[in-house]
Amino acid sequence: MRVALFLTCVNDTLYPDTGRAVVKLLTRLGVDVDFPEAQTCCGQAHYNTGYRHETEPMARHFADVFRDYDAIVTPSGSCGAMVRELYPRMGERARSEGRGDRLATVLAPVVPKTYELTEFLADVLEVTDVGAYYPHRVTYHPTCHGLRSLGLGERPLRLLRAVKGLELVELPGADECCGFGGTFALKNADVSAAMGADKVRNAESTGAEVLCAADNSCLMHIGGTMTRLRTGMRPVHIAEILASTEEDPAV
Amino acid sequence: MSGTFVGMPAFPVAAREAVRDTTLRGNLRHATHTIRAKRARAVAELDDWERLRQAGKRIKDRTLRHLDRYLVQLEESVTAAGGVVHWAADADEANRIVSELVKATGETEVVKVKSMATQEIALNEALEAQGIHAYETDLAELIVQLGEDRPSHILVPAIHRNRGEIRDIFTREMGEWGRPAPEGLTDTPADLAEAARLHLREKFLRAKVGISGANFMVAETGTLVVVESEGNGRMCLTLPETLISVVGIEKIVPTWQDLEVFLQTLPRSSTAERMNPYTSMWTGTTDGDGPRSFHLVLLDNGRTDTLADEVGRQALRCIRCSACLNVCPVYERAGGHAYGSVYPGPIGAILSPQLRGTGSEIDASLPYASSLCGACYEVCPVAIDIPEVLVHLRERVVEGGEAVREGSKVRLRPAKGHAAERAAMRAARWALTRPGALRTGQRLASRTRRLHPRTLPGPGRAWSGTRDLPAVPAEPFRDWWQRTRGGKDGGA
Amino acid sequence: MSSRERILGRVRRALADVPPGEDGPVERDYLREHGERTVEETVDLLAENLADYRAVVHRTDPGSLPRVVADLLAARGASTVLVPSGLDEGWLAAAEVTRVRDEATSTPHELDQVDSVVTGCAVAVAETGTIVLDGSPDQGRRRISLIPDHHICVVRVPGQVVASVPQALERLDPARPLTWISGPSATSDIELDRVEGVHGPRTLEVVLVR
């Protein structure tokens with residue numbers, strides 16, 4: 001099976017540790033993962049801000065880069081949802097605008113092959129215990145697109161529960177949005193910040209050291225709020241927890 | 001109601017005030033969280049909930065896609081049952097029709113059942129201008145009317161008020177409008193409800209004209225349905241001699257049987273009850289029971305324009321349950337007034353810019369009043385994909401394009417104030433379709449990382465006013481990969 | 001052009017994308033009722049759900065019904081009772097109250113002076129704890145079950161009981177004025193918290209007669 005890592009532009013640029021963790025984890029599980037270097041961005045920020053037509057070349061580029069792989073794994077629920085849920089919609093819209101089936105045809109092959117990381121682990125590799133070790137008290141925030149668009153459900157929690165040494169504590173109001181929302185964080189900064197502060201207060205109330213999620217963009221917002229509010233908690237991507245072992249622990 | 005939505009500031013500006021109002025935040029948090037948990041329980045009682053939801057969606061879609069036929073059928077059924085049907089293309093026309101009908105009765109006051117359509121067209125103000133006084137009889141509407149306030153929620157227009165504030169409004173204002181509040185009124189909800197009962201009783205008993213909306217109109221039978229809790233609806237629908245119902249054209253369902261879906265999904269979504277206390281159904285007029293004359297005013301007011309949009313028309317499926325408001329994290333913090341419309345919350349954010357167009361500052365900002373978290377779509381009992389329509393309307397704001405306004409095709413220009421963003425998006429797209437350009441940018445960021453501030457000046461303050469920026473790493477992932485081939489070449 | 005023509009024209013232009021002949025029957029794969037129950041269990045569920053929304057439920061047999069109704073009225077201290085024209089006279093045989101007939105000429109103010117009302121019903125819905133009145137002679141005009149503060153509704157079980165909302169609609173005639181009643185008047189308008197007792201009867205007593 002040819003497996004490609006679609007890291008996402010945000011992770012590539014700001015969170016390379018997450019990318020390394022995915023590579024380490026998948027390699028440990030016997031997957032030969034490739035990082036196609038021509039990859040850039042799925043176009044989600046453009047699409048969700050209203051620039052659908054600007055998004056189209058980015059989606060075509062994505063399809064070009066990843067077309068020949070059997071599986072495309074991404075450590076981002078929202079970028080995964082962009083490909084799986086919104087690429088087909090872009091194809092439909094192009095069709096209804098009288099531009100024919102071309103866009104839909106180009107995008108179609110990558111759609112069913114794209115998996116968010118925990119989905120890939122649970123559904124394709126069918127593993128629950130990935131052999132991880134992470135001796136910390138952790139609470140999990142299900143990010144919205146992973147939760148609602150992809151329907152990740154219990155998958156991340158099952159993986160976390162199987163991690164040796166990890167104490168998983170339930171996050172109150174877990175399914176409430178953290179307030180990131182892409183450009184929403186800038187366009188409606190006050191509401192976004194209020195949502196973030198409430199999320200952080202809920203996280204703090206669990207007594208966990210670490211808030212874990214499957215989306216670094218949400219964690220950027222939550223983490224930035226945590227340090228500003230001086231909570232002492234850390235945001236950590238789930239890939240970094242699952243990659244951590246007794247021999248080679250995450251910091 | 002003296003409050004008005006004209007000239008509302010953009011959503012972020014209005015929301016900023018609300019976010020800082022701790023009383024309002026507390027009131028909204030308390031109310032929405034109370035109902036959220038109850039709704040979840042009420043819905044969980046039905047194991048076929050998702051099937052009911054999809055059936056509701058299908059029924060509404062079928063109606064909308066053949067709306068002309070069902071409107072004509074409804075008109076025939078209502079007329080055959082003794083009602084009179086009027087058609088109003090916009091708010092002014094609807095207000096004119098209702099004013100004339102009231103004047104023809106010789107009355108100068110009317111009692112009203114809570115109705116979103118009549119709020120939308122500002123009927124009370126229009127009647128007042130004609131010397132006709134409209135009394136709101138729903139408890140929350142009464143609170144809003146007495147407080148000279150604006151509604152902030154579809155189901156509970158006074159949700160922004162807590163019991164103490166309501167007690168103060170009743171004590172201060174009831175005497176000006178009729179029977180004063182009882183001496184020593186407490187702030188327990190039961191006492192406040194009792195005060196409303198006493199205050200409105202006399203108005204119900206003497207009322208000669210009632211004005212309502214409707215939750216549903218059945219095309220095949222001509223039946224109108226009003227779903228309510230307090231009994232004020234029953235009072236207004238049965239005691240007056242004349243009943244005037246102003247209803248949006250999208251409120252039709254084709255068949256009597258279709259009600260079996262919505263009478264299950266609406267109460268559970270709305271007040272989180274298995275069934276609301278009272279539902280009234282009437283078909284034209286009945287000899288010796290209820291109003292002797294019945295008028296139905298069918299309201300367009302932007303609905304056909306909305307219908308013309310293949311993506312946006314799903315907003316017309318809305319049955320006004322307000323479940324989307326109650327789960328919305330943005331609504332909970334921004335409050336209903338920030339939406340600048342009688343339709344607040346997620347549904348308002350897609351309905352107002354379609355009914356009114358995206359021309360005003362508030363309407364152009366509403367599609368952005370969401371983090372696209374999708375909680376609204378998840379609870380919607382007619383499966384309106386609100387995030388999809390929000391993004392679609394964002395596109396209309398930034399790209400412009402074809403739309404229908406007042407029945408005519410127009411070409412919209414991209415909204416002002418998005419030029420810099422558009423340029424940035426275009427530049428980003430250019431870079432993001434060229435891996436080399438992306439890499440150059442990433443390396444530049446990494447090399448200069450020690451110079452990066454943790455907070456930003458200018459527009460960047462929108463982020464860094466409340467959140468620290470992440471540190472830029474020493475190298476982007478792709479450089480590590482190139483160096484090590486994923487750790488295989490050593491040097492992790 | 002009339003507004004009627006204008007609106008219908010706008011609708012037709014708005015729907016230009018809808019292919020002709022598309023309008024088939026709507027797929028209904030939801031349940032006709034929820035769960036399997038014996039007749040007895042359905043009646044129990046009705047009683048349970050009525051009580052859950054603060055209706056007061058009584059159970060009796062035809063022989064004892066007059067006594068039950070008389071006791072309820074006496075306990076309430078009612079001296080006047082509204083009586084629909086077609087109400088079984090036997091139901092009130094034991095009650096020592098002044099009967100007020102449901103007449104077209106009574107004014108709302110007059111009805112407001114009456115203490116209680118006794119009606120039958122058209123159908124009762126177990127899953128939702130709902131009784132439906134359809135203006136038949138044993139139920140009277142809509143206003144008589146609205147203005148008095150105390151409503152006694154007699155339901156014949158199991159004949160008048162259905163399990164679900166879909167089954168109730170099948171039994172009802174849309175041409176009649178219908179009132180669905182689920183518990184006494186209530187409101188959620190203060191802090192989205194439900195409290196009973198606003199404009200409709202604040203006490204609803206449902207007598208299930210077997």
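Let's start in chain B, at the loop that runs between helix H6 (116-120) and helix H7 (123-129), since this is where Ala122(B) sits. Keep in mind that we're looking at a predicted model. What is the sign of phi at Ala122(B)? Positive, at near 55°, and this in a residue other than glycine. As for its surroundings, Ala122(B) has 18 C-beta neighbours inside 10 Å, so it counts as partly exposed.

Further along chain B there's another spot of this kind. Glu148(B), again not a glycine, has a positive phi near 45°. Look for Glu148(B) in the loop that links helix H8 (139-146) to helix H9 (163-177) of chain B. Is Glu148(B) buried or exposed? Exposed, because just 11 other C-beta atoms lie within 10 Å of it, and the cut-off for exposed is 12 or fewer.

Now hop over to chain C for a bit of backbone geometry. The peptide bond between Val157(C) and Pro158(C) is cis, with omega at about -5°. Pro158(C) itself belongs to the loop between strand S7 (150-156) and strand S8 (161-162) of chain C.

Finally, back to chain B and how it meets chain A. The contact draws 50 residues from chain B and 56 residues from chain A. On the chain B side, the elements giving two or more residues include helix H1 (11-20), helix H15 (329-334), helix H20 (419-432) and helix H23 (477-484). Which helix gives the most to that side? That's H19(B), with 6 residues. Sorted by class, the side of chain B that touches chain A has 28 nonpolar, 9 polar and 13 charged residues.

Notes:
Residues numbered from 1 in each chain as written. Chains lettered and ligands numbered in written order. Predicted model: local features only at pLDDT ≥ 70, side-chain atom pairs only at ≥ 80, totals over all residues. Contact = placed C-beta atoms within 7 Å. Helix = DSSP H or I, 4+ residues; strand = E, 2+ residues; numbered from the N terminus. Nonpolar A, V, L, I, M, F, W, Y, C, P; charged D, E, K, R; others polar. Buried ≥ 20, exposed ≤ 12 C-beta atoms within 10 Å, placed from the backbone.
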